[in-house]
Protein chains: 2
Amino acid sequence: MIYTTTLNPSIDYIVKVLNFKEGETNRSHYEMKIPGGKGIMVSKLLNNLGINSHNIGFVGGFTGDFIEKSLKEIGIGTDFTKIKDDSRINVKLKTKIETEINAKGPKIRPEEENDFFGKIKNIKEDDLVVLSGSIPNSLSNDFYERIVVELNKKNIQFIIDTTGKKLLRVLKYKPFLIKPNKKELEDLFDVEVNSLEEIIIYGKKLLDLGAKNVIVSLGAQGAVFVNKFMSIYAPAIKGKLVNSVGAGDSMVGGFIFGIENELSVEESFKWAVASGTATAFSEDIGSRKFIEEMYSKVTLIKK
Amino acid sequence: MIYTTTLNPSIDYIVKVLNFKEGETNRSHYEMKIPGGKGIMVSKLLNNLGINSHNIGFVGGFTGDFIEKSLKEIGIGTDFTKIKDDSRINVKLKTKIETEINAKGPKIRPEEENDFFGKIKNIKEDDLVVLSGSIPNSLSNDFYERIVVELNKKNIQFIIDTTGKKLLRVLKYKPFLIKPNKKELEDLFDVEVNSLEEIIIYGKKLLDLGAKNVIVSLGAQGAVFVNKFMSIYAPAIKGKLVNSVGAGDSMVGGFIFGIENELSVEESFKWAVASGTATAFSEDIGSRKFIEEMYSKVTLIKK
């Protein structure tokens with residue numbers, strides 16, 4: 001089983017206002033509510049590609065019920081830890097530009113943490129765990145590390161998509177995949193990278209620190225893959241960016257799709273690029289049909 | 001029993017952002033969710049003054065469940081019609097200024113309308129019905145009139161707090177109380193009023209059209225009461241405006257409190273002014289203690 005972790009899921013409340021004015025009473029043109037969070041995005045992508053996954057993390061209150069119900073309705077498994085506080089509502093205000101208002105999120109109580117670790121301890125050796133997204137304020141910064149320590153006891157593979165210190169402190173536990181973007185790569189090493197060659201150099205440093213596979217997403221410049229056997233560059237596929245939310249999570253999902261189908265890492269990287277691109281060019285997470293269309297356009301250049 | 005009607009209730013999602021920037025990702029400093037809608041505000045004020053009331057209207061989905069549950073938790077009765085669509089979420093963004101983003105609200109289906117009218121038909125002769133707030137888009141503009149026609153069949157008293165044509169078309173059914181503010185009074189007669197004398201003149205025109213009692217709220221200038229026996233002016237009580245939301249609804253609630261306690265209309269008007277003022281000077285609907293404090297400061301000037 002694949003487990004995706006969303007510690008701080010949300011209802012993303014998308015509100016379109018045609019003529020927004022700060023300080024006034026604005027009327028919405030349309031509204032939409034969807035479950036949000038990076039782990040959930042990975043699960044949605046996998047679901048579109050026909051792969052089952054189970055969401056874990058913390059949900060609470062009537063907002064948490066909505067998140068759980070929405071995922072179940074599209075066929076995604078959930079085994080969230082129920083918390084006392086309400087899951088957060090993030091507002092995505094769409095006017096001529098897009099403005100996000102992200103809520104702080106709920107407090108997680110010690111007994112709720114314990115419940116969550118009970119679920120982590122139930123994960124089996126041949127399962128795969130995806131850790132992505134922010135850590136709620138009330139949890140300690142080493143929360144991902146605490147999860148990874150548990151997973152390592154049973155040699156359970158994990159993928160982690162996070163930034164800065166939270167990423168650095170778990171590299172020694174040998175994540176199966178990490179996926180920094182260019183900016184995150186620069187921040188990790190406090191450098192500026194200006195060429196593919198430099199990206200590959202710093203990607204390889206992440207291998208030295210423990211990562212087994214590294215994808216560096218470069219947005220409109222494409223993506224780079226490195227592991228200890230190869231370095232590959234995939235130039236970006238041309239098209240119109242519709243939505244960058246979930247594109248990185250879709251890359252992670254696409255890579256898992258390849259691995260689950262026992263494809264090579266090169267092939268899995270192709271599915272990662274196709275999935276990320278399909279989502280970036282769609283309103284929501286890319287559909288299977290569109291991902292397949294993008295897949296046919298991916299080219300890989302060995303470096 | 002007092003029935004308050006909120007046809008289009010909401011979750012008011014209050015989000016404080018210290019340094020809001022349009023077009024960027026903003027992080028909330030705090031969030032709060034409260035049930036919103038004018039009828040609900042009247043019920044909350046009555047509840048603070050120890051008077052029971054029952055909320056009717058339309059609620060749906062997980063957001064509707066929250067609204068209903070929140071009211072029950074503070075001891076307010078509800079007999080809402082359950083609808084298929086979700087009740088709306090209105091965003092109140094508090095930065096240096098306050099910005100409102102009001103959602104369109106749910107679609108009401110014909111069978112849901114029928115259910116609602118079933119409840120209206122159950123209301124008894126000595127009940128009192130408060131009609132206030134906006135009418136959802138999917139209902140016809142004469143919706144209040146259709147309710148009032150039903151109430152009139154059993155001589156059930158009603159108070160209506162609405163604007164323009166929706167108000168004008170029900171005056172002939174003799175509302176017990178209406179409560180336009182100065183701007184609404186001017187709009188109703190397409191005039192500009194510049195003195196208390198003129199306000200009283202146009203207030204009396206509303207009596208001629210059918211209203212039994214009229215309160216004209218004048219904000220920082222106080223309030224005027226007229227019925228066929230008297231005209232009274234209550235100057236504003238000095239203090240710091242904290243929140244104008246619900247102040248008008250609190251006036252309605254305060255007036256009902258007086259009537260329910262068999263006080264005179266002058267006394268009831270004093271409670272209306274005290275209640276409206278207490279709410280205007282509070283973060284939420286005024287508390288009993290604060291209303292009583294304001295009550296001691298109300299002065300009435302017969303005109």
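In what order do the five strands of the open sheet run? The legends below start there, and they describe a predicted model.

**View 1. An open sheet built from strands of chains A and B.** Following the sheet across, you meet its five strands in the order 4(A)-2(A)-8(A)-9(A)-3(B), and their pairing is mixed. The edges are formed by strand 4 (30–36) of chain A and strand 3 (25–27) of chain B, each of which pairs on one side only. On average, neighbouring strands of this sheet are turned by 20° against each other, with direction ignored.

**View 2. A parallel pair inside the sheet: strands 2 and 8 of chain A.** Here strand 2 (residues 10–16) and strand 8 (residues 88–94), both of chain A, run in the parallel sense and are joined by seven bridges. To find your place, look for S10(A), whose bridge partner in strand 8 of chain A is R88(A).

**View 3. Helix 2 of chain A packed on the sheet.** This helix covers residues 61–73 and touches strand 2, strand 4 and strand 8 of chain A. Its direction makes about 80° with that of strand 4 of chain A.

**View 4. Chain A, the setting for these close-ups.** Stepping back, chain A holds 10 helices and 16 strands. Its radius of gyration is 19 Å, close to the 19 Å that the globule rule gives for 303 residues, so chain A is as compact as a globular protein of that length. The C-alpha trace of chain A spans about 55 × 45 × 40 Å along its principal axes. Of the 303 residues in chain A, 57% are buried. The accessible surface of chain A is about 13100 Å², and carbon and sulfur atoms account for 48% of that.

Methods. Residues are numbered from 1 along each chain as its sequence is written. Chains are lettered from A and ligands numbered from 1 in the order in which they are written. This is a predicted model: local features need pLDDT of at least 70, side-chain atom pairs count only at pLDDT 80 or more; totals for chains, interfaces and linings use all residues. Side-chain values use heavy atoms; hydrogens and water are left out. Two strands pair if DSSP finds at least two bridges between them. Helices (H or I, at least four residues) and strands (E, at least two) are DSSP runs, numbered from the N terminus. Axes are lines fitted to C-alpha atoms, for helices over the stretch in contact, and angles run from 0 to 180 degrees between N-to-C directions. Contact means heavy atoms within 4.5 Å. The radius of gyration is taken over C-alpha atoms; the globule rule is 2.2 Å times the number of residues to the power 0.38. Buried means under 20% relative accessible area, exposed over 50%, partly exposed in between (1.4 Å probe, protein chains only). Accessible areas come from the Shrake-Rupley method with a 1.4 Å probe; for residues, only the protein chains shown count as cover.
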